[in-house]
Amino acid sequence: MLVFLAFVAQLWRLQILQGETYRQLADQNRFQAVEVDAPRGIIYDRNGKLLVRNRPIFNVAIVPAYLPEDTTARAEVFARLADLLQLPVTNGGVRDIPDHNAYFRSFLHHEYTRLPGRQVRNARSRKFTGSPQGIQDAVEAAPPFAPYHPVVVAQDISPDAAAIIEQNRLNLPGVFVQTASKREYLTGALTADVLGYVGPIPPTQTDRYQPPLYNPNDDVGLVGLEASYESQLHGSKGEELVEVDVTGRKIKTVGITREAQPGNNITLTLDTDLQQFVTEQLQAAIDNSPGQSGAVVVMNPQNGEILSMVSLPTYDNNLFAEGISAREFSLLTEDKRTPLVNKAIGGLYPPGSTYKIVVAAGALQEKTITPRQQFFCAGVLYLPNKFFPDDPDLAQPFYCWLRSGHGNQDVVSALANSCDVYFYQVGGGYEPDGYEGLGVDRIITYAEEFGFGAPTKIDIPGEGAGLVPSPKWKRLNYAETWVTGDTYNMSIGQGFVLATPLQVLNAYAAVGNGGTLYKPHLVKEVRNPQQELVYQATPEVLGTLNVDEENLNWVRTGLEAVIDWGTAVDIIDVPGITVAGKTGTAEFCERYPQCLDKDGRVKTSHAWFVAYAPADNPEIAVITFVYAGGEGSSVAAPVVNNVLRYYFGFDRPDDTGDNPAASDEGTDAAYTRFTARMLGADTFPGSVSAVNGYVRDTTGAGIAGVTVEIIANGDVVAQVVTGPNGQFDYNALDPRIAEEWTVQMVDFSAKPITLMPSAATRYYVEFQAEQ
C-alpha cells in the first residue's frame with residue numbers, strides 16, 4: 001500500500017503539479033517552426049518573353065541534431081547516404097572550389113574570352129555540386145550553435161534517388177529530402193553577360209546577407225542583373241508550424257505563422273530577337289576577320305534604354321546555376337580569353353577616330369576653329385624638336401592613316417575622311433604656324449562632358465570608368481612630362497585614352513539627340529507577384545553637352561558625310577533612312593615587335609563603328625567593336641548596317657509582317673494615283689544638297705516599302721525605298737553633277753518633282769495617295 005501510494009503521489013506531481021511543464025516540453029519535440037522559402041522573381045524581355053525561371057528540384061539535407069549520438073550509428077547513416085548519392089563520406093574537408101564567384105576571380109586573368117563551343121560541360125560532375133566536401137565534412141562544418149538548421153549535402157538529385165531515400169528514411173535518421181527551386185536561364189549564353197547568375201553566398205560577403213531574409217544555404221545574385229536587382233528578385237521567407245514524428249520528419253502543417261512572399265518580377269528593355277540577330281552578326285564578323293572578341297550595343301538615344309548588349313565570346317550562365325565543376329571552372333578562368341568579362345561595359349580600349357567628335361565639338365565651341373577653316377593634310381605632319389626647331393632631321397613625324405594625304409580639310413570633311421593630320425593640329429596646335437589649338441586641358445574638359453573617363457552608371461555591375469589622361473596622370477604613373485605628341489595622340493583617340501564601347505555609344509547618342517547624356521538602363525519595370533507596378537524606369541539625365549546647337553549641327557553634318565561620301569560610303573544601306581556615324585581604327589600593340597610591319601608601323605588594330613538613325617531624330621544608336629579586327633569600315637561597319645536594316649524592318653525573312661515592302665500584298669492594291677507637292681526647303685551645313693520626302697496614304701499615315709527614283713539629267717542615279725514611317729532620304733544632290741534633278745515614284749502614277757539644287761539646301765517633298 002505504501003508503494004502504491006508513492007506511485008499515486010508521483011503521478012499526481014507529474015500530471016497535476018508539473019503537467020504543464022512536461023506538456024510544453026513534449027510540444028517542443030512534437031512541433032517545429034519551419035522556414036518556408038520564397039520563390040525568386042522571374043525575368044522577362046521587353047516583349048514578355050520568359051528569360052529566367054525557377055525549376056523545381058530535390059535536395060538532400062541533414063539536420064545534425066537528429067543524427068544518432070552513437071559514433072558508429074552516425075557513421076552508418078553517412079555510409080548509407082554516401083552509397084545512395086555516390087558521394088564520399090569524407091575528402092579531408094578540402095573544397096574543390098574555394099569560391100563560386102568566378103566573375104571577380106576572372107579579373108586576375110587575361111581579358112580575352114573563348115568561344116562557347118569549346119566549353120566543356122560535364123553534367124555528372126555537377127550533379128552533387130551542392131556538396132563540394134564529403135557528407136561528414138559538410139555536417140561537421142555546420143555552425144555548432146544551430147544544430148537544428150538543415151545542412152544541404154546534395155542538390156538537384158534525380159526523382160528516383162529522392163524516392164529511394166524516402167523509402168529508407170527509418171534507416172536514415174536526420175536525413176531529409178527537400179523540395180526547392182533552381183535558377184534556369186532559358187536563353188543561356190545569349191543573355192549571360194546581362195542577366196548574370198546566382199550562386200552560394202561568398203564567404204567574404206556573409207555580412208551583407210543576414211537573417212531573417214537570408215540563411216547560409218541561400219543562393220544570391222553574384223553577377224549581372226541578378227546581383228544589381230537582388231533586393232527586388234529575392235523574396236521574403238515565410239514560416240510554418242509543423243508536427244513531426246520521432247525521426248524529425250514532417251507529419252502535417254499545424255499553422256502558418258508568416259506567409260512567404262515571392263520576389264518581384266522584372267521586365268527588361270532587351271529585345272531577345274534583336275539580341276539573337278546581333279549575336280549572329282558579331283560572331284560572323286569575328287570569324288571572318290583577325291578579330292578575337294568583340295561587343296555590340298544597341299540603345300534608344302532618346303531615353304537610354306538598352307535594346308541589345310552582346311559580348312563575344314561568352315559563357316553559359318547555367319553552368320553556374322547548375323553548379324560548375326572544377327574542370328569547367330578552370331577552363332573558364334585559366335584560358336587567356338576568359339569569357340567572364342562583359343566587354344561592352346568592362347573592356348577598356350583606345351577609341352580611335354570615334355573620339356574625334358570630342359575635339360571637333362570642343363574646338364568649334366571654343367572658337368579655336370571656324371566651320372569653314374581648313375588645314376592642309378599632306379599625309380604626315382612634322383612636329384619640330386623643341387630644343388632644335390630648325391633641324392628637320394630631328395622633327396617627329398605624325399602620320400595620317402592616308403599616307404598620300406587628304407589635301408585641304410574643314411571640320412566636316414575631316415570627320416567624313418577621318419583625317420588625322422587635321423585633328424593633330426586642331427587638338428594640339430602647330431607651333432611653326434603659331435596656332436595653339438584646343439589644348440590638352442580643354443580636350444579633357446570636353447571629353448568628360450561627353451561621358452569619357454567616368455562610368456555611365458548602367459544598372460549592372462562590372463563597368464569600367466575608362467581613362468581620360470592628363471599631364472598630372474602621366475607624371476604620377478610614368479614620371480614623365482606631357483608633350484605635344486601626347487596631345488596629338490589623344491586628339492585621335494590613341495595614346496593613353498581608354499573607353500568602353502558603351503561610353504562611346506552614349507557620347508554619340510548625346511550628339512544625335514540634341515546634347516543630352518542619358519543614363520543607360522536595362523530594366524524597364526518591376527512588378528510584384530500581384531502584377532502591381534513597383535518601379536517604372538524613366539529617363540535619367542547624366543549631363544548635357546556644353547556645345548551650342550549650331551556647333552553640334554556641324555558635327556552631325558560631318559557624321560552624316562561619313563555615310564554619304566566619307567570613310568563608310570557604300571557600306572551603310574538603309575533605304576529611306578538617313579544615318580549618321582563614324583568609323584574608327586585604333587592601333588594597339590600587344591606583342592612587340594611582332595605588331596610592327598616592315599616599315600615600323602603598327603599593323604594590329606581594333607575595329608570600331610558607331611551610328612545613329614534617323615539622323616534628324618534618332619530612335620536607335622548602335623556601336624560595334626571587334627578586338628584586333630582591323631579596319632572599322634570593313635569589319636565593324638557592316639555589322640551596324642545589318643543591325644540597322646533589321647531594326648527598320650529589312651532583312652527579316654521570318655517576319656515579313658513588319659516590313660510592308662516584303663509582304664505579298666503590294667501598296668498598289670490599295671492606291672494607284674498620288675499627288676506630288678513641294679513642301680519647302682531650308683539650308684544646312686554642307687557642300688551638297690539633299691531631299692527628304694514622305695509617301696502617305698489618304699489619311700496622312702506613312703506607307704512603307706515604296707520605291708522612289710532619283711534622276712539626274714535623265715539618268716537614274718539612285719533608288720530609295722520608304723521606311724516604316726513612309727520617309728525616304730537622298731543626301732547627294734550635287735549641283736556639280738547635274739543642274740536639274742527629278743524625284744519620282746516608280747510603280748505609281750504621280751507627277752515627278754523637279755529640283756534645281758544649289759549648295760547646302762535641303763528640300764522637303766511629299767507624295768500623297770488620292771481618294
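Let me begin with a single residue, S413, which touches S418 and W565 once we leave aside residues up to four places away in sequence. Please keep in mind throughout that what we have here is a predicted model. S413 sits in helix α16, and because its relative accessibility is 11%, which falls under the 20% cut-off, S413 counts as buried.

From there I would like to move to helix α22, since α16 (411–417) is among the elements that the buried residues of α22 pack against. The others in that list are α15 (356–365), α21 (501–513), β21 (580–587) and β22 (605–613). How many of the residues of α22 are buried? The count is 12 of its 16 residues, so that, in the plain sense of the word, α22 is mostly covered. Among the buried ones are W554, R556, E560 and I563. We can also check the length of this helix with a little arithmetic: at 1.5 Å a residue, the 16 residues from 549 to 564 should span 22 Å, and because the C-alpha atoms at the two ends are 22 Å apart, expectation and model agree.

Two of the partners of α22, namely β21 and β22, bring us to a sheet. It is an open sheet of 5 strands, ordered β12-β11-β23-β22-β21, with antiparallel pairing. Why do β12 (306–312) and β21 each have one side without a neighbour in the sheet? They stand at the edges, and each has a single partner strand, so nothing in the sheet lies beside that other side. From one strand to the next, the twist in this sheet averages 5°. Looking at one pair in detail, β21 and β22 run antiparallel and are joined by 8 bridges, and G581 has A611 in β22 as its bridge partner.

Helices also lie across this sheet. Helix α21 lies across β11, β12, β21, β22 and β23, and runs at about 30° to β22, while helix α11 (residues 272–287) lies across β11 (293–299), β12 and β23 (620–627), running at about 35° to β12.

Finally, there is an open sheet of 4 strands, in the order β27-β26-β29-β30, and here too the pairing is antiparallel. Its edges are β27 (715–721) and β30 (753–755), and since each has a single partner strand, one side of each is left without a neighbour in the sheet. In this sheet the twist averages 20° from one strand to the next. Strand β26 (residues 707–712) is joined to β27 by 6 bridges, the two running antiparallel, and the bridge partner of V708 is V720 in β27.

Technical notes:
Residues numbered from 1 in each chain as written. Predicted model: local features only at pLDDT ≥ 70, side-chain atom pairs only at ≥ 80, totals over all residues. Heavy atoms only, no water. Expected span 1.5 Å × (residues − 1). Buried < 20%, exposed > 50% of the residue type's maximum accessible area, 1.4 Å probe, protein only. Contact = heavy atoms within 4.5 Å. Pairing = 2+ DSSP bridges. Axes fitted to C-alpha atoms, helices over the stretch in contact; angles between N-to-C directions.
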